[in-house]
Amino acid sequence: MNNKLVLELVNLTKKFIGFTLGPLNLKVDDNEILVLIGPTGSGKTTVLNLIAGLLKPDEGSIFIDELDMTNLPVETRNIGYTFQNPGLFPHLNVYENIVFGLTKKGRKDNHLQVTRLINDLGISRLTNRRIQGLSGGEMQKVSLARMLVTKPKIMLMDEPLAHLDTSTRRRLRLELRRVLQSQSIPTIYVTHFEDDVYALSDSVSILQNGMIENKGKLESILANSNPSPFLSNIFGEVNYLEGNVVHSKEEITTFKIGSHLLQTLGDYSVGSKVGILVRPEDIILSKEVVKTSARNVLKAKVTSITKHSKSGIADIHLTIDKFRITSRITEESIRDLGIKEDDCIFAIFKASSPQVVREEYS
Amino acid sequence: MGIKHQGFNVIILILSGIAVAYIAYPLTTILTFVEPSKLLDSLTRPQVLNAFVLSLISATISTLFLSLFGIPLAYFLARHINFPGKFIFRLIIIIPLVLPPLASGALLLGVFGPYSPLSKAFPSVEFTQSIVGVIIAQTYVASPFMILASQAAFESVDESYEKIARVLGKTRLETFFKISLPLAKTGIILGVIMSWVRAVGELGATMMMTYNPHTISIQIFEDNAIGGLSQAVPAIVLVILLSIIAIIVFYITTKKGRHDMLKFLGSEQ
């Protein structure tokens with residue numbers, strides 16, 4: 001893998017009254033989507049503002065394509081930045097918003113690329129519309145297009161989907177990763193939603209109290225058999241599984257994870273890799289093979305049992321090939337089934353339970 | 001509960017009605033001071049027309065000066081919230097608003113009067129008793145209207161729009177002209193019109209700086225002093241017409257204004 005380094009933060013520090021961000025060291029490669037996750041107030045937005053040049057660091061340096069950008073003005077950095085609020089200019093229509101960052105010559109020279117991007121994002125019917133009547137999802141797409149047409153060296157995205165309703169967010173996330181990959185633009189995506197990590201990231205950085213606690217590829221974080229309490233706290237509310245589509249017909253897709261075949265609703269391209277999320281509450285356990293209407297039955301091994309205090313609920317942590325998943329059942333069920341660590345067990349969930357958050361073509 | 005609620009509405013309605021009547025009633029009575037047939041003759045009196053034209057020209061020049069200096073100042077005040085001495089800055093800006101116009105005129109005489117250092121430095125420029133004096137007085141007195149209205153307009157523009165424009169490669173200057181100014185347009189136009197109307201109506205400071213040539217306000221003052229209210233009515237009618245035109249201009253130059261006006265006309269049909 002010969003990835004080119006695009007962004008490098010070296011000992012980047014910003015001090016506020018009562019809070020210090022950094023010193024941060026971070027690298028983002030060409031075509032990489034880095035998801036920066038952390039609790040509210042951990043300094044995520046400050047990191048983006050420093051990279052964009054909207055804030056000046058107290059110490060440290062920012063390199064983009066090996067050039068020191070630390071003290072350059074915002075407008076010369078060629079960075080894309082989308083916010084929670086799409087911030088579309090209210091006095092311009094959709095098309096005028098999209099081409100705002102281009103010069104007159106740039107608009108002429110890049111007309112084809114702009115049109116292609118608009119089509120790719122599915123907003124061609126909106127171009128002559130005023131922005132006031134757009135939905136939240138449409139606004140975010142226009143905001144994304146406005147940044148992408150300037151061909152930024154790196155995209156910064158500050159929870160752009162946070163204010164959208166759940167179904168729009170799910171749909172847009174799938175599109176977002178596809179568009180960012182097709183445009184080959186490295187991205188830092190800030191979020192506090194675990195789902196966004198699975199849906200978008202190539203790598204993940206965890207920011208807590210102004211410091212990067214962990215950085216790594218998504219697979220290595222998921223494969224970590226001994227996660228820190230902080231990591232467990234962030235990753236653990238949903239199960240993420242990834243596999244290759246082997247069959248898809250009439251809204252039922254079959255994909256393969258290790259030696260297991262799983263089914264989910266929806267049509268996805270054969271050969272593509274899909275990532276699914278399954279809620280721990282949706283996974284039931286059985287000690288024996290049972291004939292069931294649920295389409296997914298996986299042989300798993302119990303690695304640990306975590307009891308929730310006083311609620312009568314417990315999390316059963318399981319391994320299935322390289323994946324770790326969690327089933328949430330009652331303590332009474334554990335007693336009835338006699339589940340204990342190292343048991344072999346069957347994890348069962350319906351085809352309608354998973355939510356597909358990622359689809360990639362090889 | 002319902003009766004109490006209705007009672008409140010009735011009180012608000014009565015008080016509002018009295019306020020509107022208080023403002024509108026004098027407009028209807030002014031025409032009773034002169035016979036309609038003589039009004040047109042009086043309107044075309046050279047003194048009235050000359051004063052009217054002088055006021056239009058001087059108020060327009062004053063407003064141009066105010067736009068040139070006042071709009072950048074308003075932007076500075078709106079965007080630099082916490083600079084040291086901002087409170088003093090704000091106080092200075094509203095001085096012409098709270099000071100009696102005659103006192104403002106006296107202060108200006110201290111700077112531009114015949115024996116002031118400035119007059120001695122530029123002996124060929126007639127700072128007083130000339131259109132220059134009128135413009136100086138009008139600019140001074142009307143300045144808070146331009147600055148405060150524009151400042152409020154810039155403050156209402158979300159700063160994130162400016163940040164996004166900068167991220168998209170626009171310089172501060174380009175951002176100002178392409179984002180800040182267009183988005184603050186309605187408030188700025190209001191400031192321009194208010195300061196222009198204030199400049200046209202200015203009397204006290206102008207009298208101190210320049211009694212002759214007469215502005216329309218000085219003409220009204222003199223006509224009333226010499227010939228009573230009936231002689232002053234033509235000039236007053238012109239000023240009222242001008243104010244109505246200014247309101248119409250505001251409405252047709254702003255999107256919201258146009259919308260409100262169309263709604264009003266629609267409801268009249």
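**Entry 1: the sheet**

I began with a sheet of chain A in this predicted model. I found that five strands make up an open sheet, in the order β15-β19-β16-β17-β18 of chain A, with antiparallel pairing. I then noted which strands stand at the edges: β15 (284-286) and β18 (323-330) of chain A each have a single partner strand, so one side of each is left without a neighbour in the sheet. I also looked up the turn between neighbouring strands of this sheet, which is 45° on average with direction ignored.

**Entry 2: one strand pair**

I next examined strand β17 of chain A, residues 313-320, which pairs with β18(A) in the antiparallel sense over eight bridges. Within this pairing I located Leu318(A), whose bridge partner in β18(A) is Ile325(A).

**Entry 3: the domains of chain A**

I turned to the domain assignment, which gives chain A a domain 1 (5-234) and a domain 2 (239-360). I recorded that their centres, taken over C-alpha atoms, are separated by 32 Å. For the contact between them, I noted nine residues of domain 1 of chain A and eight residues of domain 2 of chain A. On the domain 1 side, the elements that give two or more residues are α6 (166-183), α7 (194-200) and α8 (218-223) of chain A. The largest share of that side, four residues, comes from α6(A). By class, I listed five nonpolar, four charged and no polar residues on the domain 1 side.

**Entry 4: the two chains**

Finally, I looked up the contact between the chains, in which 15 residues of chain A meet 13 residues of chain B. I recorded nine nonpolar, five polar and one charged residues on the chain A side.

Terms used. Residues numbered from 1 in each chain as written. Chains lettered and ligands numbered in written order. Predicted model: local features only at pLDDT ≥ 70, side-chain atom pairs only at ≥ 80, totals over all residues. Domains from an automatic or database assignment. Contact = placed C-beta atoms within 7 Å. Nonpolar A, V, L, I, M, F, W, Y, C, P; charged D, E, K, R; others polar. Pairing = 2+ DSSP bridges. Axes fitted to C-alpha atoms, helices over the stretch in contact; angles between N-to-C directions.
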